[in-house]
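The exercises below concern the binding sites of one protein model. Work through each task with the sequence and structure at hand, then compare with the solution.

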Amino acid sequence: MSADTEPDSTPSESAAAVSQETIPDREDQALLEVRDLDAGYGDLQILTDVDLDVADGEYVTIVGPNGAGKSTVMKSVFGLTNHMGGTVIFDGEDITGLRPEEIIHEGVGYVPQNDNIFSSLTVRENLEMGAYILDSVPQDALDAVFERFPILEERETQKAGTMSGGQQQMLAMGRALMLDPSLLLLDEPSAGLAPDLVDDMFDRIDAINDDGTAVLMVEQNAKEALRRCDRGYVLANGQNRYMDDGDVLLNDEQVRRDFLGG
Ligand SMILES: Nc1ncnc2c1ncn2[C@@H]1O[C@H](COP(=O)(O)OP(=O)(O)OP(=O)(O)O)[C@@H](O)[C@H]1O
Ligand SMILES: [Mg+2]
């Protein structure tokens, strides 16, 4: 909501900059608009009437218990689930029911929770795969990814599977950035990282968002994610439970008690 509702621990400088400078005008700039979404796998319905918005340049987090359907929301936006009702509008276009390769074309990048790199390919080959829908690899995009993640350039010829967890996560993000998406979907980017690398990963996500890419992120590290994002959703049992500015959710007694471990 406002800077005067600070969370009880101080956010980093970059997070403060994000919340002050890039909160967009939500009314007229919805980039992603999910309405009454029902979706699941085969006949099994997981999501019921899910609503979700991401404005141009906004940073939105989804938190919630294991099995709540967070990954299913991300997969549904990206066309990877069985659509059962409702709509997904992206940049003014109805993308409901489109296939992932069509959705990528519209400007959505997706980094899945698991298996998000090709282990047996080199770092460079992984990045080139990120641009497979184009006729040739865009050199400027590759340069931008290398500039953002210098370790990837250093390890360009290394097999991706031999890199550390943090480096693999950077590669997965780099791959998704190869088409310069206007919305980046990140499913648990800090999962499995050593604790001292978690902050670095969040800083990198802040930087991607600061550069203008809207981010929709799912995180188990819910408090830190809410501290850093503009707005958050709490999802439980495949349904919306709470939606508010990250700081507000972070300071809400009921949300804290029921979803953030007190
Ligand atoms: N491919 C699938 N086929 C059938 N059911 C699935 C499939 N993937 C997920 N589910 C089920 O959908 C529900 C929601 O799963 P989802 O992965 O979306 O939850 P989540 O909130 O991301 O959980 P986590 O925090 O553990 O990642 C769970 O009951 C899960 O078992
Ligand atoms: Mg998940």
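**Exercise 1.** Which element gives the most residues to the shell around ligand 1?

Solution. The model is a predicted one.
Step 1: list the elements that supply at least two residues of the shell around ligand 1; these are strand E2 (44–55) and H2.
Step 2: count the contribution of H2, which gives the most, with 4 residues.
Step 3: sort the residues of this shell by type, which yields 5 nonpolar, 7 polar and 3 charged.
Step 4: pick out the residues that come nearest among the 15 around ligand 1, namely Gly67, Gly69, Lys70, Ser71 and Thr72.

**Exercise 2.** Find polar atoms of the protein that lie by oxygen atoms of ligand 1, and state how much of the ligand is buried.

Solution.
Step 1: on the backbone, a polar atom of alanine 68 is 3.1 Å from an oxygen atom of ligand 1, and an N or O atom of glycine 69 lies 3.0 Å from one.
Step 2: on the side chains, a polar atom of glutamine 113 lies 3.2 Å from a ligand 1 oxygen.
Step 3: ligand 1 taken alone exposes 630 Å², of which the protein buries 62%.

**Exercise 3.** Which protein atoms are donors of the magnesium ion (ligand 2), and where do their residues lie in the chain?

Solution.
Step 1: the protein donors are Ser71 (OG) and Gln113 (OE1), 2.0 to 2.3 Å from the ion.
Step 2: serine 71 lies in helix H2 (residues 70–77) and glutamine 113 in the loop between strand E6 (108–111) and helix H4 (123–129), so the pair ties together parts 42 residues apart in sequence.
Step 3: serine 71 counts as buried, at 16% relative accessibility, whereas glutamine 113 is partly exposed, at 32%.

Key. Residues are numbered from 1 along each chain as its sequence is written. Chains are lettered from A and ligands numbered from 1 in the order in which they are written. This is a predicted model: local features need pLDDT of at least 70, side-chain atom pairs count only at pLDDT 80 or more; totals for chains, interfaces and linings use all residues. Side-chain values use heavy atoms; hydrogens and water are left out. Donors are N, O and S atoms within 2.8 Å of the metal (3.2 Å for Na, K and Ca); water is not among the atoms, so sites may look incomplete. Buried means under 20% relative accessible area, exposed over 50%, partly exposed in between (1.4 Å probe, protein chains only). A residue is near a molecule or strand if one of its heavy atoms lies within 4 Å of it. A polar contact is a pair of N or O atoms within 3.5 Å; within protein, one must be able to donate a hydrogen and the other to accept it, and residues adjacent in sequence count only if both atoms are side-chain atoms. Accessible areas come from the Shrake-Rupley method with a 1.4 Å probe; for residues, only the protein chains shown count as cover. Ala, Val, Leu, Ile, Met, Phe, Trp, Tyr, Cys and Pro count as nonpolar, Asp, Glu, Lys and Arg as charged, and the others, Gly among them, as polar.
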